Amino acid sequence: TASFALLLIVMIIYMFAIAIAQLAAEHLKEMKFSGKTIANQDDMDFFFGGLANSVFSLYMSITGGVDWKDLAVPLFDVGAFAVF
């Protein structure tokens, strides 16, 4: 039914948001600890700065609210796993 499909989509978005937010947080922490400059830090914080931001960013990418490229560019610094 439609409600089951919606629940499944929400669960998938939530699980991916947890993984991406964790990867982004670890990357930012490692870069700050090593003293290196962080490229795209403002975008990384805005799109993936927390779990709610990550869920909302993934939702926006699915519904056409933001282009996928805008979300992928900051994640390329994190690693290919975060993008693909």
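**Five helices, one crossing**

Student: Reading along the sequence, what pattern does the protein chain follow?

Tutor: Keep in mind that this is a predicted model. The chain has five helices and zero strands. Walk along the sequence, then, and the pattern reads α-α-α-α-α.

Student: What share of the residues count as buried?

Tutor: Let's set the scene with the overall span: the C-alpha trace covers about 50 × 20 × 20 Å along its principal axes. A residue counts as buried when its relative accessible area is under 20%. Of the 84 residues in the chain, the share that passes is 27%.

Student: And how much of the exposed area do carbon and sulfur atoms supply?

Tutor: Start from the total, which is about 5,800 Å² for the protein chain. The part supplied by carbon and sulfur atoms is 69%.

Student: Where helix α2 meets helix α4, which residues of α4 are involved?

Tutor: First find the two helices: α2 runs over residues 41-48 and α4 over residues 68-76. Their axes come within 9 Å and cross at roughly 120°. From α2, the partners are Asp 43, Met 44, Phe 47 and Phe 48. On the α4 side, they meet Asp 70, Leu 71, Pro 74 and Leu 75.

Student: How do the residues of that contact divide into nonpolar, polar and charged?

Tutor: Met, Phe, Leu and Pro count as nonpolar, while Asp counts as charged. Sort the residues of the α2 with α4 contact that way and you get six nonpolar, no polar and two charged.

Student: Is the crossing of α2 and α4 left-handed or right-handed?

Tutor: Here the handedness describes how α2 passes α4. That crossing is left-handed.

Conventions:
Residues are numbered from 1 along each chain as its sequence is written. This is a predicted model: local features need pLDDT of at least 70, side-chain atom pairs count only at pLDDT 80 or more; totals for chains, interfaces and linings use all residues. Side-chain values use heavy atoms; hydrogens and water are left out. Axes are lines fitted to C-alpha atoms, for helices over the stretch in contact, and angles run from 0 to 180 degrees between N-to-C directions. Helices (H or I, at least four residues) and strands (E, at least two) are DSSP runs, numbered from the N terminus. A crossing is left-handed if the near helix is turned anticlockwise from the far one by less than a right angle, and right-handed if clockwise. Contact means heavy atoms within 4.5 Å. Buried means under 20% relative accessible area, exposed over 50%, partly exposed in between (1.4 Å probe, protein chains only). Accessible areas come from the Shrake-Rupley method with a 1.4 Å probe; for residues, only the protein chains shown count as cover.
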